[in-house]
Amino acid sequence: IALRLKTGENGVLIVEDGAVALYHNNLEKLATTTNGIYVKQDNGTPYINLRRDDSTIAAADDIGYINFEGDDPSDGTFNTGARILAQAEGNWSADHYISSLIFQTRATCANLATVLTLASNKSATFAGDVKIEEASTPTLELVDTTNNYNLLIRHNNTNAIFDTHASSYYEFKIGNSQKLLIDNSGNATFAGKILVGTGATAAAS
């Protein structure tokens, strides 16, 4: 079945036991498949817009979200197992559209819970533990793009490695108070005493 508003140009095309396709100016844009849908753009970048048509978007308003759903095997109802949500961080106004991208998951029959928030200030907040896996050398790299310094935290075989490519130092703090400083020559300065053995201590130099 073909719906054509102009001779020779498809608007909607329905194939028996097959796809349903939507066209724009006789160019296929969206079609169903055996496993879902696809969006198509010839000679360009395809995209999907989720638009909240509202002139008064306020802080914490949901702008749009994508749900990942499945059947409950006991009663066949649809349930959401995970969600990607865009949410306003403040009141929207002219040239002011600050928003966060929020990832949520669900455990058993509990409500959806936020596991990761990507904020407008480029910060990422994880609600739980962060695990990095790699077959050879898993690495976490912290980069200061202003001063071109970086810190590498790696695990190689049975060795834990802290590495920096800059002529700098390592500073360890507790409660914003420096407890240990290692300079680029390998000298270590402790703020307190050093435990040498059971019942024995040495004063920090």
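These legends accompany close-up views of one predicted model.

Residues are numbered from 1 along each chain as its sequence is written, and side-chain values use heavy atoms, with hydrogens and water left out. The model is predicted, so local features need pLDDT of at least 70, side-chain atom pairs count only at pLDDT 80 or more, and totals for chains, interfaces and linings use all residues.

**View 1. Confidence along the protein chain.**
The mean pLDDT of the protein chain is 89. A pLDDT of 70 or more is reached by 95% of its residues. Here pLDDT is the predictor's confidence in each residue, from 0 to 100. Among the elements, strand 8 (residues 99-105) has the highest mean pLDDT, 97. Strand 18 (residues 200-202) has the lowest, 60. Where pLDDT is low, the predicted coordinates should not be read in detail. Strands (E, at least two residues) and helices (H or I, at least four residues) are DSSP runs, numbered from the N terminus.

**View 2. An open sheet of five strands.**
The strand order is 6-7-8-9-10, with antiparallel pairing. Two strands pair if DSSP finds at least two bridges between them. Strand 6 (62-71) and strand 10 stand at the edges, each with a single partner strand, so one side of each has no neighbour in the sheet. Neighbouring strands are turned by 20° against each other on average, direction ignored. The axes behind this angle are lines fitted to C-alpha atoms, for helices over the stretch in contact, and angles run from 0 to 180 degrees between N-to-C directions.

**View 3. Pairs within the five-stranded sheet.**
Nine bridges join strand 6 and strand 7 (residues 78-88) in the antiparallel sense. Gly 70 stands opposite Asn 79 in strand 7. Strand 8 and strand 9 (residues 113-118) are antiparallel too, over five bridges. There, Phe 103 stands opposite Leu 116 in strand 9.

**View 4. The hairpin of strand 9 and strand 10.**
These strands pair in the antiparallel sense over three bridges. Leu 118 stands opposite Ala 124 in strand 10. Five residues lie between the strands. In this hairpin, Lys 122 takes a positive phi near 75°.

**View 5. Lys 131 in its loop.**
Lys 131 is found in the loop between strand 10 (124-126) and strand 11. Lys 131 is exposed, with a relative accessible area of 68%. Exposed means over 50% relative accessible area, buried under 20%, and partly exposed in between (1.4 Å probe, protein chains only). The C-alpha atoms of Lys 131 and Asn 25 are separated by 48 Å. These two residues are 106 residues apart along the chain.

**View 6. An open sheet of three strands.**
The order is 11-12-13, with antiparallel pairing. Strand 11 (139-144) and strand 13 (159-164) are the edge strands, each pairing on one side only. Neighbouring strands are turned by 10° against each other on average, direction ignored. Six bridges join strand 11 and strand 12 (residues 149-156). Asp 144 stands opposite Tyr 149 in strand 12.

**View 7. The largest pocket.**
Its volume is about 170 Å³. Of the 11 lining residues, the closest to its centre are Leu 142, Tyr 149, Asn 150, Leu 151 and Thr 164. Strand 11 and strand 12 are the elements that give two or more residues to the lining. A pocket, on a 1 Å grid over the protein atoms alone, is an open set of points where a 1.4 Å probe fits, with protein on both sides within 12 Å along at least five of seven lines; lining residues have an atom within 4 Å of a point. The volume is the space filled by probe spheres set on the points, with grid points joined across faces, edges and corners.
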